[in-house]
Amino acid sequence: MKSVREIAPVVLPPVALFLLVVLAWQLVVRFGHIESYLLPSPLAVARAAWTKRTELCGALTLTAAGALCGFAASLIVGTLIAIAFSFSRIIKASCYPYAVFLQTVPIVAIAPLIVVWFDYGFQSVALIAFIISLFPIITNATTGLTNVDRDLVDLFELHNANRWQVLFKLRLPSAVPYLVTGARISSGMAVIGAIVGEFFTGYGATRFGLGYLIMQATNRMKTDELFAAVIASTALGMAVFTVVNIVGATVLSRWYHA
Amino acid sequence: MYRLPWFAWFAAAAWILLTGCGRVPTEGNSATADDAKSDTNTLTKVSLMLNWYPEAEHGGYYAALVHGYFEEAGLDVKIIPGGPNAPVVQQAARGAVDFGVTNADRIVLARAQDAKIKALLAPLANSPRCLLVHADSGIEKFEQLQNVTMMLSREHAWAQFLIKKLPLDGVKIVPNSASLAPFLADPRAAKQGYIISEPFVAKKAGADVRSLLVADFGFNPYTSVLMTSDQTIEQRPQLVRKVIDASRRGWEKYLADPTETNRRIHELNPEMGLEILDFGVRAMKEHCIEPDAATDSFGRMTSERWHLLVSQLEELAMLDPGAVDAAALYLAE
């Protein structure tokens, strides 16, 4: 258990900054006579979040499910692709450019096609979240798996270790910090991917995610509801990010050090 | 890592403060100068922002430009094309543009959020908003929309109206896409459109379609409405008068003889061919323009229509009851 003295320097500065900014924001809106269609006050945002709490929670759950499915898939698939890259120079040389292609493809351009191929609904949302969050995993895991101390590889070969033993006992453990970095980047991107996906596919007539709430608030120029929905989505991204950090710092770091 | 978003908020707030607050007074100051200038035979610079790419629904404004009606009124009008989610209402309300074109429901929703704008002229008295269905679907009216996939932007007021008023048995609602392909591929699909363009595109693609006008079903906001801020109306009444009159002349010209104007629109927006623009004008005359409108009453709005729209938006829970005064929504002539 960490002591208060250890935690305080980490927690206090961002909290203090947060309070200062919120206070300044409230004062600027209040005394700067800024109309609500330009910028809502933090109080108005809090009020909108409270009155819309049922819709926000429902939407958050649905978006979270889509983002997490996409994120989990990109972790698994991305790591497998990276392993394939680390096994064979030829596979890596021939496939890596296409992985880069994945990163640069404008998702808003292909989202309508994804809907045509995979139909409207949850699966398309998760797929878009997957596509958008896959590349950081591939590139970071590949770097981690291939940047292994040459002497250690020689040592493993000296002891007649096969490539699977090298993979599980040397390459994968040493790739853990890289993989965690990739997952951190991907965690936020998966949430963005899910919301973009919702713009294009939706979930039918009755259910909706944060993407729909954002469009609805934009259409009605209700900036307070818009900010509430945006804060909910950033909270979701931060939650995934935090879980990645915790898993990286506990479970995986033990493997790394072992 | 946690701080970044808050810096971003702060930067956004500062940006809006600087641009939002700094702009309005400057425009206001130059306003009096502009009005004076027009007397000494120099043209007054005026900006007019559209809610979409240049199309037939904006024809009258372009006609006033092409045929020199704005210039005759002493105005040098710059028409700024819009697009998806173009912030016309916001820009007009804060004075970043002098005039804007939008639909009546957006004006109501904007006013509910303290964006002080008013409608000035409503060239399209009836909304061109429609749902396309395949002709062989047997669907001839909205009540028959059952077991279909409806492709529509459900956050919009007219879509909310349909969702509230229709039984929707077996109806799947999916977001609208710019492409017609998903609609063409599904014989049980219904897709949103404007009666002045989508039926033409569908026919060109070989589909036999039927259009159901949302206006006929009871939701009929004025469309392609000319609007400006309360501030402009108060501070530059003569300018407002001139822009209304020249726009009205433009619309009358456009509906009578759109050839030259359509050529200009086609130049500005090559995606709009001359053929579809021509179709658009004919469809607009048939469905959207009041046939008996006398010359000086063209585009004039009624209190009943604005009251009805407000009560409909209240009923759809898009507007808090009493949040908007219908009389403040438009400039009575």
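A helix here is a DSSP run of H or I with at least four residues, a strand is a run of E with at least two, and both kinds are numbered from the N terminus. The exercises below concern a predicted model.

**Two chains in outline**

Task: Describe the helices and strands of chain A and of chain B, and say what share of each chain is buried.

Solution: Begin with chain A, which has 10 helices and zero strands, so that its pattern along the sequence reads α-α-α-α-α-α-α-α-α-α. The C-alpha trace of chain A spans about 75 × 55 × 25 Å along its principal axes. Of the 258 residues in chain A, 39% are buried. Turn next to chain B, where there are 13 helices and 10 strands, and where 45% of the 333 residues count as buried. As a last step, look at how far apart in sequence the contacting residues lie: among contacts with a separation of 6 or more in chain A, 78% involve residues 24 or more positions apart, and for chain B the corresponding share is 79%.

**A sheet in chain B**

Task: Work out the strand order of the open five-stranded sheet in chain B, name its edge strands, and state which helices pack on the sheet.

Solution: The order of the strands is S2-S1-S3-S10-S4, and their pairing is mixed. The edge strands, each of which pairs on one side only, are S2 (75-80) and S4 (117-121) of chain B. From one strand to the next, the twist averages 30 degrees. Now take one pair in detail: S1(B), residues 44-49, runs parallel to S2(B), and six bridges connect them; within this pairing Ser47(B) has Lys78(B) of S2(B) as its bridge partner. Helix H2(B), residues 59-66, packs on the sheet by touching S1, S2 and S3 (99-102) of chain B, and its direction makes about 140 degrees with that of S2(B). Helix H5(B) also packs on the sheet, where it touches S3, S4 and S10 (225-229) of chain B, with its direction at about 160 degrees to that of S4(B).

**Where the chains meet**

Task: Say how many residues of chain B are in contact with chain A, and which element of chain B gives the most to that side.

Solution: Counting on both sides, 34 residues of chain B are in contact with 30 residues of chain A. The elements of chain B that each supply at least two residues to this side are H1 (4-39), H4 (88-93), H5 (104-112), S7 (172-174) and H7 (181-185). Among these, H1(B) gives the most, with nine residues. In character, the residues on the side of chain B that touches chain A comprise 22 nonpolar, seven polar and five charged.

**Two packed helices in chain A**

Task: Classify the crossing of H3(A) and H4(A), and name the residues that make the contact.

Solution: Two packed helices are described by the angle and the distance between their axes. For H3 (53-87) and H4 (89-104) of chain A, the axes come within 6 Å and cross at roughly 135 degrees. An angle over 145 degrees would count as roughly antiparallel, and one of 65 to 115 as roughly perpendicular, so H3(A) is oblique to H4(A). The contact is made by Ala84(A), Phe85(A) and Phe87(A) from H3(A), together with Ile91(A), Lys92(A), Cys95(A) and Tyr96(A) from H4(A). Of these contact residues, six are nonpolar, none is polar and one is charged.

**Three residues in loops**

Task: Decide whether each of Met221(A), Asn85(B) and Gly218(B) is buried or exposed, and locate each one.

Solution: A residue is buried if 20 or more other C-beta atoms lie within 10 Å of its own, and exposed if 12 or fewer do. Met221(A) has 23 such atoms and is therefore buried; this residue sits in the loop between H9 (210-219) and H10 (223-257) of chain A. Asn85(B) has 10 and is therefore exposed, and its place is the loop between S2 and H4 of chain B. Gly218(B), with 12, is exposed as well, and lies in the loop between S9 (209-213) and S10 of chain B. The C-alpha atom of Gly218(B) is separated by 27 Å from that of Lys116(B), 102 residues away along the chain.

Finally, consider the backbone: most residues other than glycine have a negative phi. Met221(A), which is not a glycine, nevertheless has a positive phi of about 60 degrees, and Asn85(B), also not a glycine, has a positive phi of about 55 degrees.

Definitions and conventions
Residues numbered from 1 in each chain as written. Chains lettered and ligands numbered in written order. Predicted model: local features only at pLDDT ≥ 70, side-chain atom pairs only at ≥ 80, totals over all residues. Contact = placed C-beta atoms within 7 Å. Nonpolar A, V, L, I, M, F, W, Y, C, P; charged D, E, K, R; others polar. Pairing = 2+ DSSP bridges. Axes fitted to C-alpha atoms, helices over the stretch in contact; angles between N-to-C directions. Parallel < 35°, antiparallel > 145°, perpendicular 65-115°, else oblique.
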